[in-house]
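Trainee: Could you go through this model with me? I have a few short questions.

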Amino acid sequence: MMNPQNIKTAIEGKVLPEALETLNELLAAAPEDANMLVARGKLLWSMGRHGEAMSDYTLAAKYDPEGPATLLIEHSNSIMDFFNPDLLNP
């Protein structure tokens, strides 16, 4: 099992499933830890699981309204709302 200090390194090294498992275990012990929720949200986003990431960001913003989750929600919504008509008409 990974320890919390190795999570960032694991994400950067693309050891995503192992990092996700560790974050899930940490959040089981401390479900209201906004920083861990943000970390798991970022990891889920990088895995293409955007809905789950947004859920984690929303929950983190509930626990820590002044934290980074609020900005992550705004940025994620901007990304998901992006529309480029040139991609539809080759």
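Trainee: What phi does glycine 48 take, just after helix 3?
Mentor: Glycine 48 has a positive phi of about 85° there. Helices here are DSSP runs of H or I with at least four residues, numbered from the N terminus. This is a predicted model, where local features need pLDDT of at least 70, side-chain atom pairs count only at pLDDT 80 or more, and totals for chains, interfaces and linings use all residues. Residues are numbered from 1 along each chain as its sequence is written, and side-chain values use heavy atoms, with hydrogens and water left out.

Trainee: And which residue caps the N-terminal end of helix 3?
Mentor: Aspartate 33 does, with a side-chain oxygen 3.0 Å from the backbone nitrogen of asparagine 35.

Trainee: Which residues of helix 3 are buried?
Mentor: Among them are Met36, Leu37, Arg40 and Trp45. Buried means under 20% relative accessible area, with a 1.4 Å probe and protein chains only.

Trainee: Switching to helix 5, which residues are buried there?
Mentor: Ala69, Leu72, Ile73 and Ser76. They cover an arc of only 105° around the axis, so they sit on the same side of helix 5. The arc is taken from the directions from the helix axis to the C-beta atoms.

Trainee: What do they pack against?
Mentor: Helix 3 (34-46) and helix 4 (50-63). Contact means heavy atoms within 4.5 Å.

Trainee: Back to the whole chain: how many helices and strands?
Mentor: Five helices and zero strands. Of the 90 residues, 32% count as buried.

Key:
Helices (H or I, at least four residues) and strands (E, at least two) are DSSP runs, numbered from the N terminus. Buried means under 20% relative accessible area, exposed over 50%, partly exposed in between (1.4 Å probe, protein chains only). A polar contact is a pair of N or O atoms within 3.5 Å; within protein, one must be able to donate a hydrogen and the other to accept it, and residues adjacent in sequence count only if both atoms are side-chain atoms.
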